[in-house]
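Hi everyone, thanks for making time. I'd like to walk you through how the strands are arranged in today's model, so let's put it on the screen.

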Amino acid sequence: MTTEEQIPTLVTPEMEAQKGVWGEERVAPPIEASDIRKWAIASYWPDKPPRLYWDEEYAAGTRYGEIVAPQDFNPFAWPIERPPRVEGGSRQPGQRGMNGGQVETYGVPMRIGDVITSRTRLKGWNERTTSLGLTMFTETEIEWRNQRGEHVKTRISTGIRY
Amino acid sequence: MPVNVTFDSLNVGDSIPEWSRETDFMNWNRYAAVNDEFVYIHMDDEAGKAALNEQGAFGMGNLRYTYMLNALRDWLGDEAEIRECGLQYRARNQKHDVLTVTGTVTEKATENGENLVRLELNVVNQDGDSTSPGHAVVVLD
């Protein structure tokens, strides 16, 4: 019997306690036009991004009436305070991980000056044996709202641990 | 390009225009810069190899998600509504891969007065390998 087969479960007591419980809210700095422009340039590179993301005059003629951010724009990038990062990950069974994917549902667009608040909770998990051995698929729910309390987006991220 | 596509103009089985990028450090580093996503496996070949990717550094999944949204936005137009989009990461984005977003209309429905179109999407590489099967729901007039 291998070490991996000896692990009965990857679910921890901490996970059981955290399931469904919203964590502390985070507040992003106000969104600036330059943030949106740079995001659009980077994500469309090497092509020119759509005018909606950088041309005020063009954007004023759209149904939004002003520049809005691409839907994948992340106002939480570049925080002053950040948790320590573990580089390279672990090679130990049960502690190896990867990004499984995500589903995002969108509400109102993000605009210049918006202040986005985020909250996160562990939604649930599914544990089963795969070709990787005992594998756990965790679902993390992240919800964003703007300063008016309007829903901006909900992301369900799937993390894979094995 | 406010809205390029209408609900009535689409049929189940229709394909969306393909959207491609050749990816390398020029794309990855720019994306890392705006998303603050500086992770050695995406920056350094030795780190990529240490993470059991023989070809070295590899691209970030989030950028593939961005490409999927870009493909939808370029097809639909600025003012069409993308309600939902999602994908799974099934394979790595290697340096110099040519990634292409593909999509097919799988369902049309009118619910609560909204015209919803569901699409099956994917990001395939230059060999035709699926790297990121996904889906989207868009709202059209």
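**The sheet across two chains**

So here is an open sheet of ten strands, in the order E1(A)-E3(A)-E4(A)-E5(A)-E2(A)-E2(B)-E5(B)-E4(B)-E3(B)-E1(B), with antiparallel pairing. Strand E1 (26–27) of chain A and strand E1 (19–22) of chain B are at the edges with a single partner strand each, so one side of each has no neighbour in the sheet.

A quick word on conventions. This is a predicted model, where local features need pLDDT of at least 70, side-chain atom pairs count only at pLDDT 80 or more, and totals for chains, interfaces and linings use all residues. Residues are numbered from 1 along each chain as its sequence is written, and chains are lettered from A and ligands numbered from 1 in the order in which they are written. Helices (H or I, at least four residues) and strands (E, at least two) are DSSP runs, numbered from the N terminus, and two strands pair if DSSP finds at least two bridges between them.

Let's start in chain A. E1(A) pairs antiparallel with strand E3 (residues 117–130) over two bridges, and A:Val27 has A:Thr117 as its bridge partner in E3(A). E3(A) then joins strand E4 (residues 133–145) of chain A, antiparallel, through 13 bridges; there, A:Asn126 is partnered with A:Phe137. E3(A) and E4(A) make a hairpin, with two residues between them.

Over in chain B, strand E4 (residues 114–124) runs antiparallel to strand E5 (residues 134–140), joined by seven bridges. One bridge partner to look for in E5(B) is B:Ala136, opposite B:Leu119.
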